[in-house]
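Biologist: I would like to learn how to read a structure such as this one, feature by feature. Could you show it to me and then take me through it with care?

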Number of protein chains: 2
Amino acid sequence: MSNKRESKVRRVLIIGGGFAGLETARKLSGDSRFSVTLVDRTNHHLFQPLLYQVATASLAAPDIARSIRQILAKAENVTVLMDDIETIDPDGKVATGASGTRYEWDYLLLAAGARTSFFGNPQWEQHTLGLKSLADAQSVRRTILTNLERAERTTDLEERKKLMTVAIVGGGPTGVELAGALAALVRHSMKDEFRHLETSDLRVILIEDAKFVLSTFDNDQSEYARQRLESLGAEVRTGHRVSDVSEQRLEFTDGTSLEAAAIIWAAGVEAHPLTRQLGVPLADAAGRITPELDLSLPGKPDIFVAGDLVRMTDREGVAVPGVAPAAVQMGDHVADVLKEEARLEGTRFADTKVSLRPKFRYFDKGMMAIIGKNVAVVKAGRMKLRGFPAWVAWLLVHILFLIGFRNKLAVLLGWAFSYIKNEPEARIIVHPPADRAAG
Amino acid sequence: MSNKRESKVRRVLIIGGGFAGLETARKLSGDSRFSVTLVDRTNHHLFQPLLYQVATASLAAPDIARSIRQILAKAENVTVLMDDIETIDPDGKVATGASGTRYEWDYLLLAAGARTSFFGNPQWEQHTLGLKSLADAQSVRRTILTNLERAERTTDLEERKKLMTVAIVGGGPTGVELAGALAALVRHSMKDEFRHLETSDLRVILIEDAKFVLSTFDNDQSEYARQRLESLGAEVRTGHRVSDVSEQRLEFTDGTSLEAAAIIWAAGVEAHPLTRQLGVPLADAAGRITPELDLSLPGKPDIFVAGDLVRMTDREGVAVPGVAPAAVQMGDHVADVLKEEARLEGTRFADTKVSLRPKFRYFDKGMMAIIGKNVAVVKAGRMKLRGFPAWVAWLLVHILFLIGFRNKLAVLLGWAFSYIKNEPEARIIVHPPADRAAG
């Protein structure tokens, strides 16, 4: 093993092509000291912050996702493979994929991200829709649009009422952005399109068990977000805790219940289960890992973690949030550590190199959440914005961020048109449901 | 019934939101003498001529499809419903949908279009991919891209060879356009993206049992198309007839066979099976209907047919082809007949109105097929184009045709970028396959 380590070319295995893993691969590309293999379950890097816009028909899937091997085409020392890693042997230094392929490494970066969490109630998953992948976003879009089609068709008013009720559990940025966009799409953009139903009868109910939505923002911003959501026609229920989920039905701890044909679960995330195979204790119930300040595992200097499956405070003692900029910075840091270590190898520092590794510092680029059509809240350090100016900031940041995705101009133009015409145009059900049971 | 017919508002049921049905609905919109119901299996009108570009990752699904109720939002006398019509009672004047809904009519237009035909071998469907719907196009895209991912991963060279073989059965415009675009995408656009395979090893084999591809064009154009396809690296096998299809395997009447991980079936279409419920004899084995020259059924003046399920020669004796412009013209004609009839009703011509109905005349707007990246063949009456000028003509016609779809500028811009950068950017597998079995 140490033999491998000192050999010229170091084999780096990156699990996950999200913001963290992709950034590490980019930073190591062209560096002949490394032979990098990036493995992802899907063939694309996903710009998750805009997933809710695919779910609400403002953007098409390819607008926010791009082939990983296309992004890394010029990185000749990087091999991209689509596979679902199932086992990690941290001591044997090998991982295996669902395809049966074995992946050996000298260095491992686990950056497999997070998935929807049901807080120990996995059976709730079958009754709810998540919003973590393109497939999730298209399921949300399909379900909402199909329920509206059924509501327009049915003569059963009770049935119609249920079909026109959407429950969104979780008042974080995802829930807030989805609730706002959904209310705007149906109640406003689609208002002339039906003959039997009134789109203003659509109920979008955002459920949060904390006292405020957007609890990571300041209270006045949370209150502002609630007011804006309500002015869009969405209902906000804070201090409401879900006790049980069944088919098209939510139960709450206060004994009340809610019938909704669509239940979207944005209440929490947990680390990818692979964190349980690293041979180190988990940091929390969400299965996250707390690494050393160099992002390697305690006692396992050849294994790194980055992105949403990490729970840590940086070298300044600042808690690192689960946001895209943090993941990019972690991926960047891991690449720096590997490059520095390769430089030191064979020098007199070689034996102490782990202690010499640079320590991660998180640079806070702020948080933002968009509410409906042209309003947002932004918090960056002491700076706070709300309303239209915040939305402009949001738009700029996201457009700039979209580098490398299906061309920004086209996406921006698409947005501009939808905005002017108030007509999100990706309102397509690709896989129509078998409708036998729909009545 | 006649009572209904003479009542002020005539109930028109349109089955199918393709080029024909949508055109009739558009022409009747705002005319208070008609109450129109348009029913389609899907929620969108599809611009089928560009379906192959979704299959080959140049365009996203919403670029070529648009919500039907969005298109007809302003048509207050038109109700759009998503349902799958299963039964038609031509004498009872009622249709029923999979949802159980009953649709009564005073006039019926059946414009449900065509579907992939397996020439009496329905069992071949499970081993092949069609290209008639957005779901089809995404299946083709997913299969091609997933097979490439597997080919890059596998160390079994036989397996890799099979995974990199795509058979396209049917040398009409769809087969030719798909073969050219696919060869260009993989062999050229993706050539830097793999580390273990050579994209030039991809075999795209176009199989046609006639002597020429594009047999509806002139022979010199067919020959030109073959040469261009071969220069893109596709293989063209004319005079080759499929005798049997099994899992990843084609058998030919000459005793030869072909192993291909992807088999795309573009060999023929047949009319929607609802034509069998109209109570009139079918015109051919493809289940098409030959109407009177006013497009109504013989002896059933209240039932009309239009689009790909029609087989007829127009009033000049010209055979009407199964192309979008013909469908639009038929839809337009049906609307004219209905309006004229409403005008005559109650006049002294009322009793002879059927014989007074206008007769359909097809205006030939020509045929075009694109081959690969910037070459096409065009035939319009005596006018023939080929090569780059034909491609420019193709591009203009299609961009103009895209009116009302996700904004043309964005699509055009997307094309321009892909063209300049030679990087189709919709290369996304939305639903990654369960890969247990893939090796």
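Modeller: Let us begin with one pair of residues: B:V36 stands opposite B:V78 in β5(B). Please keep in mind throughout that this is a predicted model.

Biologist: How do the two strands β2(B) and β5(B) pair, and over how many bridges?

Modeller: β2(B) runs in the parallel sense with β5(B), and five bridges join the two. They belong to an open sheet of six strands in chain B, whose order is β5-β2-β1-β9-β20-β19 and whose pairing is mixed. At the edges of that sheet stand β5 (78–82) and β19 (296–297) of chain B, and because each has a single partner strand, one side of each is left without a neighbour in the sheet.

Biologist: And in chain A, with which strand does β11(A) pair?

Modeller: β11(A) pairs with strand β12 (residues 203–208) of chain A, again in the parallel sense and over five bridges. One of the matches you can look for is A:V169, whose bridge partner in β12(A) is A:I207.

Biologist: Which way do the residues of β11(A) point?

Modeller: A:T165, A:A167 and A:V169 point one way, while A:V166 and A:I168 point the other way, and all are buried. Since five of the five residues of strand β11 (residues 165–169) of chain A are buried, the strand is largely enclosed by the rest of the structure.

Biologist: How should I read a helix, and which residues in one point the same way?

Modeller: An α-helix has 3.6 residues a turn, so residues three or four places apart point the same way. In this structure, helix α5 (residues 134–153) of chain A has 20 residues and reaches 28 Å from its first C-alpha to its last, close to the 28 Å expected at 1.5 Å a residue. Because 17 of the 20 residues of α5(A) are buried, the helix is largely enclosed by the rest of the structure.

Biologist: How many residues of helix α2 of chain A are buried, and which are they?

Modeller: Eight of the ten residues of helix α2 (residues 19–28) of chain A are buried, so to speak of the helix as mostly covered is fair. The buried residues are A:F19, A:A20, A:G21, A:L22, A:E23, A:T24, A:A25 and A:L28. After α2(A) comes A:G30, which has a positive phi, near 85 degrees.

Biologist: What is the phi of A:K93, and where in chain A is that residue found?

Modeller: A:K93 is not a glycine, although its phi is positive, at about 55 degrees. The residue is found in the loop between β6 (85–89) and β7 (94–97) of chain A, and at 9% relative accessibility it counts as buried. Chain B offers another case in B:Q248, a residue other than glycine whose phi is near 55 degrees and positive. B:Q248 is found in the loop between β14 (242–246) and β15 (249–252) of chain B, and its relative accessibility of 24% makes it partly exposed.

Biologist: Is B:H333 buried or exposed, and what does it touch?

Modeller: B:H333, which is found in helix α9 (residues 324–344) of chain B, is buried, with a relative accessible area of 7%. Leaving aside residues up to four places away in sequence, B:H333 touches B:L293, B:D294, B:L295, B:P358, B:K359 and B:F360.

Biologist: How does one find where empty space is left?

Modeller: Rolling a probe the size of a water molecule over the atoms shows where empty space is left. Here the count comes to nine cavities of 30 Å³ or more, and about 80 Å³ of space lies in the largest cavity. Residues of both chains line that cavity, among them A:Q138, A:R141, B:Q138 and B:R141, and α5 of chain A and α5 (134–153) of chain B each supply at least two residues of the lining. By class, the lining has seven nonpolar, two polar and two charged residues.

Biologist: To finish, how many helices and strands does chain A hold, and what share of its residues is buried?

Modeller: Chain A holds twelve helices and 23 strands, and buried residues make up 57% of its 439 residues. Of the contacts in chain A with a separation of 6 or more, 64% are between residues 24 or more positions apart.

Methods: Residues numbered from 1 in each chain as written. Chains lettered and ligands numbered in written order. Predicted model: local features only at pLDDT ≥ 70, side-chain atom pairs only at ≥ 80, totals over all residues. Heavy atoms only, no water. Helix = DSSP H or I, 4+ residues; strand = E, 2+ residues; numbered from the N terminus. Expected span 1.5 Å × (residues − 1). Buried < 20%, exposed > 50% of the residue type's maximum accessible area, 1.4 Å probe, protein only. Contact = heavy atoms within 4.5 Å. 1 Å grid on protein atoms, 1.4 Å probe; cavity = no way out; pocket = protein on both sides within 12 Å on 5 of 7 lines; lining within 4 Å. Points joined across faces, edges and corners; volume = space filled by probe spheres on them. Nonpolar A, V, L, I, M, F, W, Y, C, P; charged D, E, K, R; others polar. Pairing = 2+ DSSP bridges.
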